[in-house]
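Visitor: Could you take me through one part of this structure in close detail? I would like to hear about the second largest pocket, starting with its volume and then what lines it.

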Amino acid sequence: MEPQVLTPHVYWAQRHRELYLRVELSDVQNPAISISENVLHFKAQGHGAKGDNVYEFHLEFLDLVKPEPVYKLTQRQVNITVRKKVSQWWERLTRQEKRPLFLAPDFDRWLDESDAEMELRAKEEERLNKLRLENEGSPETLASLRKGYLFMYNLVQFLGFSWMFVNMTVRFCILGKESFYDTFHSTADMMYFCQMLSVVETINAAIGVTSSPLIPSLFQMLGRNFILFIVLGAAEEMQSKAVVFFVFYTWSSIEIFRYPFYMLCCLDMDWKVVTWLRYTMWIPLYPLGCLAEAVSVIQSIPVFNESGRFSFTLPAPVKLNVRFSFFLQVYLILLFLVGLGRLRSGRRRVPGPGFHRRPCWRRRERSWGLLPKGSM
């Protein structure tokens, strides 16, 4: 005797794009689920309200659907998902107005149209956010890219200043004092490159790539470039003076200790010797660098007075002749004030015994965005 064919209980819900059917059958075997001519056909062996039998049903949908249903078998039920051809809200599930007796709403998944629209918007926003993150990269990826970019910048600067430091040291060992007078012509191209590249450091602070203080970085970049491009580069008479050697040598000496420290910060590494050198060598080298810059400015004043370069006359009715040496004297005052301020702040950062536990160098790490603000 053939097993009796029965109809299972079916519960349904919808969204704008999909239909959800839950068939109350457990221990389902050999399900046959298909859609043809917009009608869902279901037939399966399972345990339902009438015991273990073959259950089947047919549903003609209200509107067009895609003919590829997706189903999932569980121990207690069969879940079927059908995609609508057009994303819209249906007033009912079946073409016939009268609801079949075996069909009922699935209140576990039921939403009215307004709630479904809110859910749809939330999913769309989630999808757009996911696409945005894929395009922009995850926060971890962005942090890695930022550290890699800062590491490469510091590496290039370190190699440039190291080349100048070695070049000037070797020339001094071979030629002695004679090397002083040819320093500009032997190293100026590399110094031009490194100092122009230092503009990136100020831009990083301005746009938030690093949290370094913008004003000190800007003052150092402008001050050095003023000395290099105006005081030395624009006056050929200055390029053969011995003071050029001392300016370039102190600048290079400072940077060959500074940039390795920053490179290690990018790698989350703490080498106590490098940290100690970075903050200890700065103490004598910074005032020596300021002194060398001041001497170069003082020596350039008669040169610019004699040549009249960069001097100008104010228009009528003032008709005042303004010499460039006036701006050089103002620069000397600013150099003294800024240098004194940095020395006073630097004394508070100098590492002593147990320096690796002090916040002095970690503040600098934090300024490069490599430590959280709350860490010490």
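Guide: Happy to. The second largest pocket has a volume of about 210 Å³, and please keep in mind that this is a predicted model. Its lining is made up of Arg15, His16, Arg17, Glu18, Tyr20, Arg83, Ala116, Glu119, Leu120, Lys123 and Glu124. Two elements each give two or more residues to that lining: the strand β3 (18-23) and the helix α1 (113-136). Of the elements, α1 gives the most, with 5 residues. Sorted by class, the lining of this pocket has 7 charged residues, 3 nonpolar ones and 1 polar one. Among the charged residues in the lining are Arg15, Glu18, Arg83 and Lys123, while Tyr20, Ala116 and Leu120 count as nonpolar and His16 as polar.

For a companion view, turn to the enclosed space. The structure holds 1 cavity of 30 Å³ or more, and the largest cavity has a volume of about 30 Å³. Asp63, Leu64, Lys84, Lys85, Val86, Gln88 and Trp90 line that cavity. By class, its lining divides into 3 charged, 3 nonpolar and 1 polar residue.

One last item, in case you are setting up bonds: a search of the whole structure finds 0 disulfides. As for individual cysteines, Cys173 counts as exposed, because its relative accessibility is 62%, whereas Cys290 has a relative accessible area of 15% and is therefore buried.

Definitions and conventions. Residues numbered from 1 in each chain as written. Predicted model: local features only at pLDDT ≥ 70, side-chain atom pairs only at ≥ 80, totals over all residues. Heavy atoms only, no water. 1 Å grid on protein atoms, 1.4 Å probe; cavity = no way out; pocket = protein on both sides within 12 Å on 5 of 7 lines; lining within 4 Å. Points joined across faces, edges and corners; volume = space filled by probe spheres on them. Disulfide = S-S within 2.5 Å. Buried < 20%, exposed > 50% of the residue type's maximum accessible area, 1.4 Å probe, protein only. Helix = DSSP H or I, 4+ residues; strand = E, 2+ residues; numbered from the N terminus.
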